[in-house]
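Colleague: Please take a close look at one part of this model, the place where the two chains meet, and then follow it outward into the chains. Plain prose will do.

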Amino acid sequence: MEYWLPIIYMGIMGLALLIYVILDGYDLGVGMLVPLANEAEKDMMIASIGPFWDANETWIVLGIGVLLIAFPVAHGIILTSLYLPVTIMLMGLILRGVAFDLRVKAGDHRRGLWNKAFFAGSLIASLAQGWMLGAYITGLHSSATSLLFSALIAMTLPALYLILGCGWLLMKTDGELRNKAIGWARMAIWPMGLGLFMVSIATPLVSSTIAEKWFTLPNALYLMPIPMICLFCYGLIVAALNKPTMLDKNRSYLIYACTVAICLMASLGLAYSLFPDIIIGGLTIWESAASVKSLQFTLVGVVITLPVILFYTYFVYRIFHGKATALSYE
Amino acid sequence: MDFDPFILARIQFATNISFHILFPAISIGLGWILLFFRLRFTQTGDQAWEYAYQFWVKIFALTFAMGVVSGITMSFQFGTNWPGFMEKAGNVAGPLLGYEVLSAFFLEASFLGIMLFGKDRVSNRMHLISSFLVAFGTTLSAFWILSLNSWMQTPTGYYLENGVVMVDSWMEVIFNPSFPYRFFHMLIACLLTSAFVIAGVSAWRALRNVDGPATWKVMKTGVMMAAVLAPIQILVGDFHGLNTLEHQPAKIAAMEAVWETEKGAAFTLFALPDEESKTNRYAIEVPYAASFILTHDPMGEVKGLNEFEGEHPPVAMVFWSFRVMLAVGGLMLLVSWWAAWQLRGKNTPTKPLLYALSAMTFSGWIAVLAGWYVTEIGRQPWIVTGVLKVQDVVADHSSATVGGTLIGYILLYGFLLASYIGALLNLSRKPAASLKLTAVSAPQTVNKEV
């Protein structure tokens with residue numbers, strides 16, 4: 001038990017954060033795209049994420065919650081080290097969360113202001129999350145290289161969110177807006193590719209622990225599918241953007257699905273690189289785990305509720321499937 | 001200038017949680033009220049209930065969003081500013097917060113989408129179920145967080161191992177001695193807060209003639225709720241106080257500013273408690289009343305602050321917060337009974353009453369904040385009573401870091417609070433369709449008209 005419980009919790013935490021990235025990623029992406037659209041399109045874009053964003057954001061609360069429940073010591077160290085980016089991210093999330101409502105409720109003369117707040121909040125939160133991820137991978141040091149690396153990921157993650165956002169709009173919208181989304185994706189795909197490439201090169205350079213894990217045989221062979229699948233999915237996205245007929249009919253999901261696959265591969269790679277550390281080169285998951293009794297008590301709840309949560313998340317997406325329609329409380 | 005980073009961190013936490021609680025205090029009650037509106041419409045087919053729902057669900061959505069985003073801040077704040085709390089008490093706090101996320105947050109956030117935007121995509125029955133689950137989720141969330149808060153006030157079911165809290169019995173942890181009292185006191189506080197919000201906004205709309213029958217129905221709902229709940233709240237509050245006397249006598253001593261243990265203690269109506277001289281200046285007292293309220297015996301013994309030398313909370317803030325809460329609570333009772341009397345049967349309210357109700361719109365906020373200040377400041381210097389002190393769990397940040405983010409939060413929250421009230425005014429100013437509403441109409445025609 002003492003061996004397996006922390007591993008199970010690390011799995012749950014990873015799953016929660018992965019789901020967070022692919023779900024809140026698209027609505028943050030749509031948020032960053034809002035300034036590029038005209039007024040009617042803005043409404044439609046926000047309508048497409050309206051019923052979902054709140055539940056999407058809950059996944060980061062779960063991810064951080066699991067960190068807190070299972071690894072209280074690491075929770076303190078990580079969040080204390082990331083004090084400023086966390087605070088900045090929170091302010092971004094607050095701003096965009098209220099902008100959803102206030103842009104239609106604060107009066108017409110304020111709509112422009114709240115549209116800007118929605119954009120700014122989405123951008124700030126995405127940048128800050130990228131920074132946090134970068135700082136985390138480099139072991140929470142504050143050397144020049146790790147700052148540079150954090151800055152690199154801070155630029156990459158928003159590009160990934162933009163592609164997720166475009167992929168979402170392709171599924172949920174029609175006509176001119178959908179064409180625009182393809183155009184936006186064409187612009188964002190290169191920074192995303194470049195970013196992912198640079199991150200892949202830089203990661204083993206920045207952390208020798210990771211380099212060791214990546215480049216020893218036979219591990220390197222087992223790991224090969226990860227970059228291969230990423231490259232394949234990336235190529236598919238680029239091809240589809242150049243030949244949009246590939247996205248016609250029932251294949252609107254292609255770009256979103258490929259991006260999700262890239263996220264999944266990246267997180268598998270990350271999990272492999274980190275394990276068994278919770279703070280790279282600092283603390284293992286067993287060293288920072290909470291007491292067995294507390295972990296068992298919560299696991300009961302997780303086992304019961306997580307499938308239910310996944311089920312009703314699916315249920316909500318079923319209800320609002322298909323192209324988005326104007327939001328109405330009536 | 002040299003500020004103590006510890007004090008700044010405490011102010012920051014207080015700012016965040018004070019801002020946050022404003023919104024759940026409304027949305028927990030409003031969720032149930034909205035369900036009531038929907039049920040009444042389903043039962044009676046009276047369009048006014050549907051209009052009432054449509055107006056208030058907009059405010060609910062905004063309030064809910066404010067609560068969600070300010071709540072996310074709270075979940076990070078433990079780690080960013082109070083890592084020692086999680087290191088030492090994480091075995092209790094982690095699971096309780098975890099259960100809140102798993103059982104409540106996802107439930108309310110997911111079904112909120114259906115409740116707000118899914119009305120034409122699901123059956124009326126499914127929509128009612130979704131509305132119920134949202135209201136239930138908010139209440140369940142309160143259950144878990146109040147359980148944790150109460151455990152910090154009156155910890156049971158644990159033992160210490162190398163200074164770390166380990167759990168003995170989860171039943172004793174969750175249902176710790178102060179939990180039932182605090183939970184019901186807070187739940188009723190939320191219902192009262194939302195009752196005054198709907199009554200107050202409705203009165204404001206009635207004064208401006210921007211709406212018709214729906215507004216009257218809402219006002220009456222709010223007034224009747226408040227009139228019934230206000231006296232119950234006083235009773236529950238009294239029980240809560242007796243529980244505190246048993247488990248946290250230092251808090252009671254500060255609430256009543258009793259410096260020395262005495263028999264037949266007086267209740268101090270007004271005073272300026274002075275910690276240096278350990279006296280109350282300009283005190284106006286009711287003899288024997290404190291002993292009578294707390295022990296139900298005029299000569300009963302009340303422990304004084306002298307028994308908790310160095311380990312009692314700051315007196316003046318607790319003393320005054322308590323009096324503000326009592327005063328607002330008393331006012332809520334008076335106004336709600338006055339309003340209930342005027343609105344009985346089919347009577348219409350007078351203008352003074354409408355003004356009074358609008359003035360009382362956010363009275364619940366003041367009472368809730370004051371009440372929480374009593375209980376939270378009253379817990380000081382402990383973060384977990386008798387186990388862990390606040391000063392031992394704070395993160396080692398510079399005062400510039402904490403001060404800088406604190407200023408950021410204050411500016412952001414000030415702006416958001418102004419925007420929230422501005423949006424409420426903006427929504428309330430708009431004439432509603434229910435102005436044209438005169439007679440009761442069948443529910444099936446409604447959807448087409450809207």
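Modeller: In this predicted model, chain A and chain B bury about 6100 Å² between them, and 76% of that area is on carbon and sulfur atoms. Buried area here is the accessible area (1.4 Å probe) that two parts lose on being put together, summed over both. The elements that give two or more residues to the side of chain A that touches chain B are α3 (53-70), α4 (72-81), α5 (83-105), α6 (111-137) and α13 (292-319) of chain A. Helices (H or I, at least four residues) and strands (E, at least two) are DSSP runs, numbered from the N terminus. By class, this side of chain A has 40 nonpolar, 17 polar and seven charged residues. Ala, Val, Leu, Ile, Met, Phe, Trp, Tyr, Cys and Pro count as nonpolar, Asp, Glu, Lys and Arg as charged, and the others, Gly among them, as polar.

In terms of contact (heavy atoms within 4.5 Å), 64 residues of chain A meet 70 residues of chain B. Twelve residue pairs between the chains are in polar contact, with both residues at pLDDT 80 or more. A polar contact is a pair of N or O atoms within 3.5 Å; within protein, one must be able to donate a hydrogen and the other to accept it, and residues adjacent in sequence count only if both atoms are side-chain atoms. Zero salt bridges are found across the interface, where a salt bridge is a side-chain nitrogen of Lys or Arg within 4 Å of a carboxyl oxygen of Asp or Glu.

One residue of chain B that meets chain A is B:Asn426, in helix α13 of chain B. Leaving aside neighbours within four places in sequence, B:Asn426 is in contact with A:Lys105, A:Ala106 and A:Gly107. B:Asn426 is buried, at 13% relative accessible area; buried means under 20%, exposed over 50%, and partly exposed in between (1.4 Å probe, protein chains only).

On the chain A side, helix α6 holds A:Ser122, which is buried at a relative accessible area of 0%. The side chain of A:Ser122 makes a polar contact of 3.0 Å with the side chain of A:Arg96. Not counting residues up to four places away in sequence, A:Ser122 touches A:Leu28, A:Gly31, A:Met32 and A:Arg96.

Back in chain B, α13 (399-429) is among the elements against which the buried residues of α12(B) pack, as are α1 (5-44) and α10 (315-342). Twelve of the 15 residues of α12(B) are buried, so this helix is largely enclosed by the rest of the structure. Among the buried residues are B:Trp365, B:Trp372 and B:Glu376. The end C-alpha atoms of α12(B), residues 363-377, are 21 Å apart, which agrees with the expected 21 Å, taken as 1.5 Å times one less than the number of residues.

The loop between α12 and β7 (382-384) of chain B contains B:Pro381, and the peptide bond from B:Gln380 to B:Pro381 is cis, with omega near 0 degrees. In chain A, the peptide bond from A:Phe275 to A:Pro276 is also cis.

Residues are numbered from 1 along each chain as its sequence is written, with chains lettered from A and ligands numbered from 1 in the order in which they are written. Local features need pLDDT of at least 70, side-chain atom pairs count only at pLDDT 80 or more, and totals for chains, interfaces and linings use all residues, while side-chain values use heavy atoms, with hydrogens and water left out.
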